[in-house]
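Reader: I am new to this structure. Please pick one aromatic residue, look at it closely, and then lead me outward from there.

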Amino acid sequence: MNILTKIILLALITANLFAQSITIHKRDAEVWSTSQLIKGRLNDFYSASGILYLNSNPIAFSVSSMDSSFTVPVTIDEGMSSIFIDVSGIISDTLNLELAYNIRPEI
């Protein structure tokens, strides 16, 4: 194996160590507010926009060109709300937020 082949092989192996991913800076939780801010970051890639899915309903958002971060305000309903992010076909882990009380209508 010549030196050029070894360099190419090393470059390919190193490139796979840094997989593209999306981090949501929130953990599964029981929450006490219907208004939530979902913050996160794109890791090792950039896209100008993405889609947050809240119980399968899409919400478009912009990504900061400065640091690949995003902040998406959402309003969750009673019970469990499942949230995940899709940016250019890269999918985040699912975040589960459960509202800790039942919403009552005002009379």
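**Starting at Tyr 101**

Author: Tyr 101 has a relative accessibility of 32%, so it counts as partly exposed. Buried means under 20% relative accessible area, exposed means over 50%, and partly exposed lies in between (1.4 Å probe, protein chains only). The model is predicted: local features need pLDDT of at least 70, side-chain atom pairs count only at pLDDT 80 or more, and totals for chains, interfaces and linings use all residues. Residues are numbered from 1 along each chain as its sequence is written, and side-chain values use heavy atoms, with hydrogens and water left out.

Now the rings. Rings of Phe, Tyr and Trp (its six-membered ring) pair if their centres lie within 6.5 Å; planes under 30 degrees apart are stacked, over 60 edge-to-face, and the rest tilted. The count by this rule is three aromatic pairs. In one of them, Tyr 101 is stacked with Trp 32, at 6.2 Å centre to centre and 20° between the planes. The two partners lie 69 residues apart. Trp 32 sits in the loop between strand E2 (29-31) and strand E3 (35-43). Tyr 101 belongs to the segment after strand E9 (95-99). Helices (H or I, at least four residues) and strands (E, at least two) are DSSP runs, numbered from the N terminus. Trp 32 is exposed, at 61% relative accessible area.

Tyr 53 and Phe 84 form another stacked pair, with 5.0 Å between centres and 15° between planes. This pair also links distant parts of the chain: Tyr 53 in strand E4 (residues 49-54) and Phe 84 in strand E7 (residues 80-87), 31 residues apart. Phe 84 is partly exposed, at 26%.

Charge comes next. A salt bridge puts a side-chain nitrogen of Lys or Arg within 4 Å of a carboxyl oxygen of Asp or Glu. The whole structure has one. It joins Asp 67 and Arg 41 (3.5 Å, N to O). Asp 67 is in the loop between strand E5 (57-62) and strand E6 (69-75), and Arg 41 is in strand E3, 26 residues apart. Asp 67 is partly exposed at 36%. Arg 41 is partly exposed at 30%.

Step back to the whole chain. It has one helix and nine strands. The helix leads from the N terminus, and the strands follow. Of its 107 residues, 29% are buried.

Inside lies the largest nonpolar core, with 21 residues. Such a core is a set of buried Ala, Val, Leu, Ile, Met, Phe, Trp, Tyr and Cys residues joined through side-chain atoms within 4.5 Å. Ile 22, Ile 38, Leu 52, Phe 61 and Ile 85 touch the most other members. Strand E1 (21-24), E3, E4, E6, E7 and E9 each supply at least two residues of this core. Ile 85 touches Ile 22, Leu 52 and Phe 61, among others, not counting residues up to four places away in sequence. Contact here means heavy atoms within 4.5 Å.

Outside, Ile 3, Leu 4 and Ile 7 make a nonpolar surface patch of about 330 Å². Patch residues have over 30% relative accessible area and no salt bridge; like charges are joined within 9 Å, nonpolar side chains (Val, Leu, Ile, Met, Phe, Trp, Tyr) within 5 Å. Areas come from the Shrake-Rupley method with a 1.4 Å probe; for residues, only the protein chains shown count as cover. Ile 3 is found in helix H1 (residues 3-17). Ile 3 is exposed, at 63%.
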